[in-house]
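Here are some exercises for reading a protein fold step by step. Have the sequence and the structure open beside you, try each task first, and then compare with the worked solution.

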Amino acid sequence: MKVRIIPNKLKGDVVIPPSKSLAHRAIIAGSLADGKSVITNLNFSNDIAVTTQAMKDLGVEIEIFEDYEVITGSKNLKRINKIINCGESGSTIRFMIPISLLADGEVTFVGEGRLTTRPLNVFHEIFDKQGIKYSRGVEELPLTIDGKLKPGRFEVRGDISSQFITGLLYTLPKLDGDSEIIITTNLESKGYIDLTLDILDRFGIKIINENYEKFIVPGNQGYRAHDYRVEGDFSQVAFWLVAGFLNDGINCLGMNPESLQGDREIIKILKDMGGDLTIDEGVISIAGKKSTGATIDLSQCPDLGPIVTVLASLSEGTTRIINAGRLRIKESDRITSMTTELNKLGAKIVETEDGMIIEGVKKLKGGVEVDAWNDHRVAMALAVASSRCDEPIILTGADSVKKSYPNFWKDFEKLSGNMEIIEE
C-alpha cells in the first residue's frame, strides 16, 4: 500500500493496543494448560493470528471472538496439520519449534518475507545433539523436523534473540525429566525473559532463575488454566510518546506503569532526552518540548530502535545509538533501513557496525518517496517522522503495520495525522 502523508502536528488521546509479546505468551500458555482459559484484550495482528493457528494445528481448541479467545488447552499435543505457517513472526517460529517437538510425527515450518532467512542455528545445534532429524531448504525455511525433545542441559548464547530461550522455557517443563538452560554470554533482552517467567508462573509453571545465567527447569510439570487480560504494549506506545514529544503532546491510555515489559525503557530514554512525562492511573502523557541528544543503549530493548532514531534525528546535538547489532536481523536490517529512509528526508545519520551516530536537525525536508522495507516498525516510525517534515512524503509498504498494529493508521488520523491512500 502506498500513502501520501501531509505533515501535521500530532496531538490528543490514544488507546494503546495490547502487548503483542504478552499475547503470544498467554495464548501458548493457555493452549498447553489442562482446562479452559480466556485471554482478553487481544488485537488480532498478523503475528497473533499465526500463533493462534499454530496452536490449533497442534490440536488445541480455540474459539476466536472480537477481542478475546477461549482456549481449551491440551496436555497432549497432536499434529493435526503437518505444516505450520508462521507468517513473518519471529516469536511464533522460535516459540513453536521446540513446543512442536512435544508431539509425535513429522512437521514442516514455513514462513514469509524475511522470516525465511532469520537464523535458527540454536535449534539446529540442539537437533544435532539430540539426534532429532531435520532438513531445510537453501534458506532457513522450510524446515522439516521429525523427533521429540528430551530433557537435559541446553547451552544458549545470551547475545542472540531471547525468543530461543522462551521457546525452551515453555517446552522443557512438560518433559519427563529435569533440564537446565545455561546462558553462555551476557543475556540481552532480559525484559522479554521476565515476561516469559511471569506468564509461566501465572499458569502454574515454576522455573528457577539464577541471575539470568542459568535457568533450572523441573520436568513433569503441568500448565494450569488461567484467565488473563493483556496489558498495553510498550513497544507501540513508544511511537505515540515520541510523536507527542516532537509535536503537541499525546495522552496514551491503557498502560500498566508497573509493567515488566522491557520496552518500558522508553520512559527513561525520553526523560534522558528532556521529555516531560506524567503517569497516572494507566495513562502516560507527554508534553511537546524540545529534545536533546543522548547516548542510547538498545541491548535490552532493540524494538525501540526505529522510533528512537526518529527522535534523535530531530533532537538538538549528537545522539549515539549503541549495542544495537540485533537491529540488523529483524524484519529488515533496521540500522540500514532507518538510516537510508531518514537521510532521504533530510536527517543526518551515519551507520556504525552496531548502531548509529545521529546529528540532530530542527526539521526534516520531506518531499520524497520513502519505503517501509516491509517492516512494520519502520513504517510506523516514518509516519511519525512525517509530522516534522516541511513537505508531504510518499510512503510505500504502509500496510506492513498489519504485522503488529492493524489499526495504526486509524489511530494516526485520530491524532490529527493527515494521510491518504494513493495505491492499495
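**Exercise 1. In which sense do strand 7 and strand 8 pair, parallel or antiparallel, and over how many bridges?**

Solution.
Step 1. Keep in mind that this is a predicted model. Find strand 7 at residues 83-85 and strand 8 at residues 106-110.
Step 2. The two strands pair in the parallel sense, over three bridges. For one of these, look at Asn85, whose bridge partner in strand 8 is Val110.
Step 3. Now follow the chain from strand 7 to strand 8: the path goes through helix 3, residues 90-100. This β-α-β crossover is right-handed.
Step 4. Strand 8 also pairs with strand 10 (residues 143-146), in the antiparallel sense and over four bridges. Here Val107 stands opposite Ile145 of strand 10.
A general reminder: strands of a sheet pair through backbone hydrogen bonds, either parallel or antiparallel.

**Exercise 2. Which strands are the edge strands of the open sheet with the order 2-17-19-18, and which helix lies across strand 2, strand 17, strand 18 and strand 19?**

Solution.
Step 1. Four strands make up this open sheet, and their pairing is mixed.
Step 2. Strand 2 (12-15) and strand 18 (277-280) are the edges, as each pairs on one side only. On average, neighbouring strands in this sheet are turned by 15 degrees against each other, direction ignored.
Step 3. Take strand 18 and its partner, strand 19 (residues 283-286): they pair in the antiparallel sense over four bridges. You can check this pairing at Ile279, which stands opposite Ile284 in strand 19.
Step 4. The helix we are looking for is helix 7 (residues 234-246), which runs at about 165 degrees to strand 17 (250-253).

**Exercise 3. Which helices lie across strand 22 and strand 23?**

Solution.
Step 1. Start with the sheet itself. It is open, has four strands in the order 20-21-23-22, and shows mixed pairing.
Step 2. At its edges are strand 20 (295-297) and strand 22 (348-352), each of which pairs on one side only. Neighbouring strands of this sheet are turned by 15 degrees against each other on average, direction ignored.
Step 3. Strand 21 (residues 318-322) and strand 23 (residues 355-359) run antiparallel, joined by four bridges. Thr318, for example, has Glu359 in strand 23 as its bridge partner.
Step 4. Now add the helices. Helix 9 (residues 305-313) lies across strand 20, strand 21, strand 22 and strand 23, at about 25 degrees to strand 23. Helix 10 (residues 334-345) lies across strand 22 and strand 23, at about 160 degrees to strand 22. Helix 9 and helix 10 are therefore our answer, since contact here means heavy atoms within 4.5 Å.

**Exercise 4. Is Asp303 buried or exposed, and which residues does Asp303 touch?**

Solution.
Step 1. An unreviewed UniProt entry lists Asp303 under "active site". In the model, Asp303 lies in the loop between strand 20 and helix 9.
Step 2. Its relative accessible area is 11%. The cut-off for buried is under 20%, so Asp303 counts as buried.
Step 3. Not counting residues up to four places away in sequence, Asp303 touches Tyr192, Asp263, Lys330, Arg334 and Arg377.

**Exercise 5. Which residues does UniProt list for "binding site", and which of these are in the lining of the largest cavity?**

Solution.
Step 1. The unreviewed UniProt entry gives Lys20, Gly90, Arg118, Gln163, Arg334, Arg377 and Lys403.
Step 2. The lining of the largest cavity includes Lys20, Gly90, Arg118, Gln163, Arg334, Arg377 and Lys403.
Step 3. Place some of them on the fold. Lys20 lies in helix 1 (residues 20-32), Gln163 in helix 5 (residues 163-171), and Arg377 in helix 11 (residues 376-386).
Step 4. Apply the cut-off again, under 20% for buried. Lys20 is buried because its relative accessibility is 12%; Gln163 is buried because its value is 13%; and Arg377 is buried because its value is 4%.
Step 5. Finish with contacts, leaving aside neighbours within four places in sequence. Those of Lys20 include Asp233, Arg377 and Lys403. Arg377 is in contact with Lys20, Asp303 and Arg334, among others. Gln163 touches Gly90, Ser91, Arg94 and Phe95.

Definitions and conventions:
Residues are numbered from 1 along each chain as its sequence is written. This is a predicted model: local features need pLDDT of at least 70, side-chain atom pairs count only at pLDDT 80 or more; totals for chains, interfaces and linings use all residues. Side-chain values use heavy atoms; hydrogens and water are left out. Two strands pair if DSSP finds at least two bridges between them. A crossover is right-handed if, with the strands pointing away from the viewer, the path from the first strand over the helix to the second runs clockwise. Axes are lines fitted to C-alpha atoms, for helices over the stretch in contact, and angles run from 0 to 180 degrees between N-to-C directions. UniProt positions are given in the numbering used here, feature names are shortened, and annotations may be inferred rather than shown by experiment. On a 1 Å grid over the protein atoms alone, a cavity is a set of points where a 1.4 Å probe fits but cannot get out, and a pocket is an open set with protein on both sides within 12 Å along at least five of seven lines; lining residues have an atom within 4 Å of a point. Buried means under 20% relative accessible area, exposed over 50%, partly exposed in between (1.4 Å probe, protein chains only).
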